[in-house]
Amino acid sequence: MQYLTLDTETDFDGWRKAARSLVLHHVRPADVTWTVQGGEAELFAMPAPSPILEVNDGTFNVPAKFVEFAKAAILHRDGERFAILYRLLFRLKDNHDLIEVATDSDVAQITAMARAVHRDEHKMHAFVRFREIGREREAHYVAWFEPEHHIVELAAPFFAKRFADMPWSILTPDLCAHWDGHALTFTSGVSKGEAPGEDRLEETWRRYYASIFNPARLKVKAMQTEMPKKYWRNLPEASIIKPLIEDAERMTGAMIAKSATDPHKPQKRPEALMTRKTTAADDLETLREEAAHCRACPLYKDATQTVFGEGPKDATIMLVGEQPGDKEDLAGHPFVGPAGQMLDRALEEAGVDRKKVYVTNAVKHFKFVPRGKIRLHQKPATPEIKACRQWYEREVTAIQPDLIVAMGATAAQSVFGKITPIGKTRGRLIDLPDGRKALVTVHPSYLLRLPDPEAKVLEYQRFVEDLKIAAGQQKKSAHAA
Ligand code: URA
């Protein structure tokens, strides 16, 4: 009998090295026992581990699919995984096609384990909630999570990328991951008592969850599959899930009764919306309500909701983007996703107060194509921009801004009523026929997409410079008032 002890629960390299040597020495799977250092089996008086057998010659290949499955399956919590993987490897050596036999018991077990691990990884990405420890410059964000499998190292790079600018730690009973803004490190697991409790971010999460909760689409079973109950105890929004579900029936009833506010219900006279030209100032709330059930182009069909402009009614500056993105579509507010964060930063640097600016989009519905679980942004086409322009015109009439900033080509097309190249118009004040000024600049998403870091910095600076022109106008308007 060979006794193999791996360094850690996730020691894929150790397992691979040992398994390769055992296969080359024709050691039968039944003659191998696998344990992990410090693991339960080892503590229960296992004999001393066998040294890894020397491999002098011989080599063999395995299908790439096996390696891919094995890397994930080894993170499963089932103690038998090392043995099952070894048995499959032993059998695959002379029969590569075996990996394609989905009904084979070893293949089926490994496939199911790999899937369970990836599901758990996905759940961790979705359900980790950071809590703020300390304030401002000293702030550190800490989350508690209980993964089903050994996925912390697998899942952590996602958080490093998504929350690159904030120092965070994810504490779990197995392993803790830490990010200091530069590098990921791991330390041993801790108990839940060491994780922080409620903080001021909790309320933000609850409000966000309530805002994206759509009672008309409530399917409790599907919701519990996506967000299994075992995760609820660590989610700040969990406390409102029950009341929201209880409220849903009542709210859905009310929504049906008030069918004119349902964006997906047919309008009595949709053509009225498609042709209307307004000169009189509409009340912003009336506009928002009307736009909520706009059907002037087909984009309403797949989008979650109309994302209308937002900002004070007496704003002197109106910022126009292209269309809501994935985050905006869910939240119902413009520029709250990554492009919005970039915009906020640039506005602040330029000295423009976003709270005093009206922010909207040329197209008010999210246009996308589904790609698996992702919704890929699609540029709006001219008929969609034209169909949506009535809302932009009516927003201008309601707000009466002194300056309209068009960010990107779609916005420029809407503001000038025709295709307008950015390169020729960018960065200077242009007179509009109605006496207002327009300023053309790039869209913040363009900056996010630039692959070259140097170009990114330079283009961002140019963007800020453009916005400084808007800051100057904002000051002028304030003085004139
Ligand atoms: N991009 C836009 O043009 N608008 C948004 O609201 C978000 C991203």
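**View 1. What packs over helix H14 in this predicted model.** Here's the cover on the buried residues of H14: it includes strand S8, strand S12 (403–407), helix H18 (444–449) and helix H19 (453–480). The residues tucked away under that cover are Ala339, Gly340, Met342, Leu343, Ala346, Leu347 and Ala350. They sit on the same side of H14, because the arc they cover around the axis is only 160°. Look to the other side of H14 and you'll find Gln341 and Glu348, both exposed.

**View 2. Helix H14 from end to end.** H14 runs through residues 338–350, which makes 13 residues. At 1.5 Å a residue the helix should span 18 Å, and its end C-alpha atoms are indeed 18 Å apart, so expectation and model agree. Just after H14 comes Gly351, with a positive phi near 90°.

**View 3. The ligand and the residues around it.** Quite a few residues gather here: Gly321, Glu322, Gln323, Pro324, Gly325, Glu328, Pro334, Phe335, Ala339, Asn361 and His443. Ala339 is also on the list of buried H14 residues. Two backbones come up to ligand oxygen: a polar backbone atom of Glu322 is 2.7 Å from an oxygen atom of the ligand, and a polar backbone atom of Phe335 is 2.8 Å from an oxygen atom of the ligand. Asn361 uses its side chain instead, with a polar atom 2.7 Å from a ligand nitrogen. On its own the ligand has 240 Å² of accessible area, and the protein covers 94% of that.

**View 4. Gln323, a buried residue in a loop.** Gln323 belongs to the loop that links strand S8 (317–321) to helix H13 (326–331). Its relative accessibility is 7%, and since anything under 20% is called buried, Gln323 counts as buried. Its side chain makes a polar contact with the side chain of His377, at 3.1 Å. Setting aside neighbours within four places in sequence, Gln323 is in contact with Asn361, Val363, His365, Phe366, Lys367, His377, Gln378 and Pro380. Gln323 and Asn361 are both among the residues around the ligand, too.

**View 5. Stepping back to the whole protein.** Zoom out and you can count 19 helices and 14 strands. Of the 481 residues, 45% are buried. Take the contacts between residues at least 6 apart in sequence: 72% of them join residues at least 24 apart. The accessible surface comes to about 25600 Å², and carbon and sulfur atoms account for 55% of it.

Note on methods:
Residues are numbered from 1 along each chain as its sequence is written. This is a predicted model: local features need pLDDT of at least 70, side-chain atom pairs count only at pLDDT 80 or more; totals for chains, interfaces and linings use all residues. Side-chain values use heavy atoms; hydrogens and water are left out. Helices (H or I, at least four residues) and strands (E, at least two) are DSSP runs, numbered from the N terminus. Buried means under 20% relative accessible area, exposed over 50%, partly exposed in between (1.4 Å probe, protein chains only). A polar contact is a pair of N or O atoms within 3.5 Å; within protein, one must be able to donate a hydrogen and the other to accept it, and residues adjacent in sequence count only if both atoms are side-chain atoms. Contact means heavy atoms within 4.5 Å. The expected span of a helix is 1.5 Å times one less than its number of residues. The arc is that of the directions from the helix axis to the C-beta atoms. A residue is near a molecule or strand if one of its heavy atoms lies within 4 Å of it. Accessible areas come from the Shrake-Rupley method with a 1.4 Å probe; for residues, only the protein chains shown count as cover.
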